[in-house]
Structure formats: C-alpha cells, structure tokens
Amino acid sequence: MALDLYIEGFASCAQEPKPEDFSPWFEARRLRRVDGLSARLLLSACRALEMAGQPVTQEKPFGLSLGIGPGSLQNTCKFMDSILQDGDELSSPTAFAGSVHNAPGLTLSLFLNLRGPCVTSGQFNTSFGAALLTARSFLHSGMAPYVLVAVGDSLNPVAQALNGQYPARVEYPLAQDIASMQTAAFLLSPQKTPASKARITNFDFSFVHPAYCPSVGEAWAPLAAAPAIQLCTLLEQPGNHFDLTASSLGVCSFLKGETFYAYQK
Amino acid sequence: MKPACCIGGAGVICACGAGKDALWNGLQTGRSCFALPAGRVNSALADRYPVFLIPKEDIPAGRGSLSLRYFLTAAQEAFSQAGVTPQQLAGLCAGVCVGTSVDASFHCFDSYARWTKNALEEKDVDILQDYFSSSTAMAVAKEYGFTGPVQTVVTACASGTDAIGLAASWINMGVCDAVLCGGTDEINLIPYDGFIRLLISSKEKCKPFSKNRAGINIGEGAAALLLLSRSAAEKLGVSPAGFVLGYANACDGYHPTAPDPQGKGLARAISGALKQSGLHAADMAFINAHATASQANDAAEAFVFNQLLAGVPVCATKGVTGHTLGAAGAVEAVISLLCLNHGQVTPTWGFEEEDPALHLVPVTQSEVISKTCAVSCSLAFGGCNAALILGGRHYGA
C-alpha cells in the first residue's frame, strides 16, 4: 500500500503572536482567552492553510493531529499554583480545563472550523513523529481528505530551573530556550495536488534502543517542535530532496522526501 | 471476509479488581471499590467526593508510575489470554499505542510545590527528570523490547478509544504485525480537584442516563488489548478473542469541556466507524455509551443514539468502574468484548429514573444478545469524539 504524504503548506511560529498577526482571519477580541501555546499553534496553522490555498475560517472536514510535548505546562502550573495559593476549595477550574493536553485541539478546531478527526500525542521530542503517523492513519483510512499536523511546546519554568541548577543530573538536555516557544504546522494530503509543495517518500517511526539511534547532536532537545522546525527549514532550502532523522529517548524518526517547488518568503 | 485486525487477548484492572473475571463479576453484581480517597489524595475535598479506586490488595508493586504498573498488569493478562509471550513477538514488527491523561501530565505536585519555595530536594530532581524523559508508551515498549512505533495518545477521556483505533489502523495499513494498545490512568490530586472545581463531580454514586443524575465519579484503571494482523495470529497459533472492525474520531469545535448538545462530532465519529466496518446500526448488539452521568454528556449521547442507532440497546458501565479518564475507552472496549463473548449485555448500575428529556432507557437487567458486534464510544474535553466497532470471537462465523 502506498502511504506517501504530500505537504500542501507549512509554517512555523517562533514568538508570542500579537493580536494583529491574526487580523487577516480573526477579530482580536476573539483571541482574548486563548493561551500562548494555542495561539502559537493557531498562527502556524493559519499560515500553513493559507500557503496551501485552503480556506482558513470556512468549515471543512479536515483532520487535526497535534503533537504536544508535556502539554500546556503554563496552565498545569497555574492550576497547581491556585491550589497552593488559594487552597483546593478555590483552585481554578479554567486552568484545569486548559491544562488538558487536548485543549489546544479545541482552539484549532473552533477557530479553523475543522470537523474531521482530532487526536493529540504527547511524548516530548517524538510527538512530531507520532503526529505524522496519526495523520497518515487518518488520510489513508479515508477519515479526512487533508490533515493539519501542528506541533508545539509550552514554556517550562521547572525544566529551565532543573537545567540551570542540576545540569549534571540531567541525562538528556532539557534545553528550554526560545525553541520551547516554537510551533510548526503542516497541511498534508494523501495524494499530489496542484498545491503540493513536497512529498514525504519514506517515513519510519520506531522504538529502538538508544544505542542504535543515530547520533544527531545537541540540536535535538526533547521538545515536540524541534524536528518539525527542522523540517520547515529543510523545505525552505534549495534542492529537491530532504532527509531528516530525529531521535530522542530511544525513539527514532526517519523521514525522506522530495520538494516540487522553489520556496519564496 | 475475515477482518484484518484481530484481538489476540485482553486484560484489565479497575475498581472491580484485577482481571476480566473480577470485572465481569462486578458488572453482574454492581459491586466495586467506591470510597473516599483520603490517604491516596491529599485534598481538603477528599472527605466529600468518593471515587472508584483499584482495591488496595490489587495495586501492583514495582517500578514506575501507578499508571504504568496498571497497564503492565493488564498487558500481562492480554498476553496470557492470547497464549503468547512478548518474546514471541520479537521477530515481528510490534508497536505500542497507549492512551492516558493523568500519566502524561505534569502532575508532580509535591516537587512542584517545593520548587515554588526554592526548596527542591534531591529526590525531586529524579521525579522531575523521570517525567521529562519518558512517556507511558515508551516505558511499555522498553519493558517488552518492542521495536515498532510507539505512541502516547493524550486525547483526554477519548484516549483509550483512540489508542485502540489508531493501533488497528497500524495493523490495517501493514505498518505493524502486532500492537499492544489500550489506556491507563491513576487518580491523583490534579484531576480529583479539577473535576470537582468544574462542578461536574458527584458526591453520590453516578447515575448514568437518570433524570436525577448529578455528575461523574472519577476512577482509575487500565485495559490492554493485544492486536494482531490475521497472518500474525495464524503464525502464532492465536485464536482471536475478537476483532476491531471500525474506528473513527471527529471533533465538535464547540466548547472546552462540554459536548455539542446535538452531538454532531459524536454522530460523525459513529457514522465513520460504521462506514469503515461496512456494517449498519441494525447489525449492532448494543452500544457501550460513554455515559459519564453528567447532564450534558448523557443528553448529547442520547440525542445521537436516538438519531443514528434507534432501537439498539444502550449500556453504561461507569456506575461500576467510575470514569477512568484516559483508560475509559479501553476499559469499555474490554467490557464490550466480554459482553459479546458471553452473549449478554450487562445492566446499567446507577440508573434510577427515566429522564423524559432523553427518550432513552438504558439496559437495566442483563439481556441475552445474539448479534456479534457492538459500538463503544468516548467523548472528551477539547470536543473530541471517538467510536469503535468491535466484533466478538464469533463475528463472521
């Protein structure tokens, strides 16, 4: 069975979006209650849809496959802060609802009017591989004509502190710099269309013993977005082929493909 | 034609105890461990809201989080039923797909509390490091030496259903020969306080589909299914305990914690799963409803069942297991399988009084069934809806 994936559009977001970033699609007031992680995912997703020539706000049967590292940590910490500061009786239900890994899925499906399948995977750096695998399942089982893959991380003050205070104790680098604010999104199709920008020809996502994982250097912190950002960068470079290997904690993603276009900013 | 995705074996642990026999007994008698969690959950609210706990004597010892230990306990039973060992799968492409909610979340509350006071202890570093360097599915894959895909599904309360459905798609696409899948979750302070503060927890035992339903009781547990491709099952000499016939998921895009009142996403998920299975409503022996006993959930489900699956018996089992969150869909898939293989659908414990607004009365006494497939569905925060069509061991015979 041919299980190729075609990239129709892609985009990344490196900073906290400003309300005006969304002005082509949404009124600023609609975004008032959207948390940072969801807003960054949403901006990447809007840009990827637009690049693919797809309607951003119109209702569509597209699927959504999210890869989130440790979830919306800012909301989880906010909920724990509310217990510590105000007690169990007054802890914040809003922060609790926002702490659920799948909460950004609601934001994206609501704003982008997505009505297809929606699944979130949460396994740090390997979340992107898992999200691609899920997208392939949705597309090749006919559950959706297109699937939006969106990947991102929430700024993590605890890991930052761990990294700073106990570097020798941290087996894997928990680098939480600007990368932790990044998100990326890809619109995928199971077949080539006039809008296709690239084709993923080989995709393998497997657990192997860390000893057998190729060394990929320091670039790979255990962050969901890191390999996705790397793929965006590869797609923007000249040349017709890309080859991406990401590994973390014993799980490897091997991804190869070809591009059909010359990227223009 | 025989289905491609076989269930080689299944296992479970929940408030009824460890194993499918304990669960089946609980489903027949309505008895399980429903208690205040004082001692397990350090909350000022812990003396008012009971939950469904795994009995103390059944809590597995060992390393790792409770959720991981629960899942490994269930997995062991799944292997045992299939009559295979993890080592026998070494030559095959074997993957792991586990749904969870609590186990993937940053719930290191005590360590976090010390961190906020700048009083982190040595043990906290290990706890936090453990959290940031693993996931449930990876830990399971390591335990059994599986080298196929690994995925931790975190679609809140639909995670277990999604994990089984995605695992089945790996088998159907030829990505894997075998997948250990299911769901697991434990009770801790965060979901305990969180659901109470959302005002959807009940102080009484939950009453699915009842007029006087007053909310959910959270619970804990795990369920594991060993899925095999037809050729892998034949090669291993495994006689299937059942089949995964269809799966679909669809989002509401409606509200962070409430379902679409007309269950539009759920309707698409059920329709999609039926379409994938090539079956129709009339082929279904019963529906295993999500039925949390919250006002909104049960109303949305009833609306959809009346529209799409009118006349199909509905059973709801959270009155015995509680709402096991990320494990719920998997626990209920195992319940569905048990019902199909026993030829009997179990009563809805907790149901008291018909709600005229729902136009739905669930099964209240054990009923004999002759059809060999059923629907099991889950709804989740974030507006996710997922449905499985499962076949029993006699499906297609």
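## A walk through chains B and A

Let's start on the outside: chain B has an accessible surface of about 12,800 Å², with 51% of it belonging to carbon and sulfur atoms (Shrake-Rupley areas with a 1.4 Å probe, where for residues only the protein chains shown count as cover). Keep in mind that this is a predicted model, where local features need pLDDT of at least 70 and side-chain atom pairs count only at pLDDT 80 or more, while totals for chains, interfaces and linings use all residues. Residues are numbered from 1 along each chain as its sequence is written, chains are lettered from A and ligands numbered from 1 in the order in which they are written, and side-chain values use heavy atoms, with hydrogens and water left out.

How is chain B put together? It has 12 helices and 15 strands (DSSP runs numbered from the N terminus, H or I of at least four residues for helices, E of at least two for strands). Its C-alpha atoms fill a box of roughly 60 × 55 × 40 Å along the principal axes. The radius of gyration is 20 Å, which agrees with the value near 21 Å for a compact globule of 397 residues (taken over C-alpha atoms; the rule is 2.2 Å times the number of residues to the power 0.38). Of those 397 residues, 67% count as buried, meaning under 20% relative accessible area, with exposed over 50% and partly exposed in between (1.4 Å probe, protein chains only). Among contacts (heavy atoms within 4.5 Å) between residues at least 6 apart in sequence, 78% join residues at least 24 apart.

Now zoom in on Ser67(B), which sits in helix α2 (residues 66-82). Ser67(B) counts as buried because its relative accessibility is 0%. Beyond its neighbours within four places in sequence, Ser67(B) is in contact with Asp103(B), Thr184(B), Asp185(B) and Glu186(B). With Glu186(B) there is also a side-chain polar contact of 2.6 Å (a pair of N or O atoms within 3.5 Å; within protein, one must be able to donate a hydrogen and the other to accept it, and residues adjacent in sequence count only if both atoms are side-chain atoms).

Next stop, Gly392(B) in strand β15 (residues 384-392). Gly392(B) is buried too, since its relative accessibility is 2%. Not counting residues up to four places away, its contacts include Ala241(B), Phe243(B) and Leu337(B).

As for chain A, it has seven helices and eight strands, and 63% of its 265 residues count as buried. Chain A exposes about 9,900 Å², 49% of it supplied by carbon and sulfur atoms.
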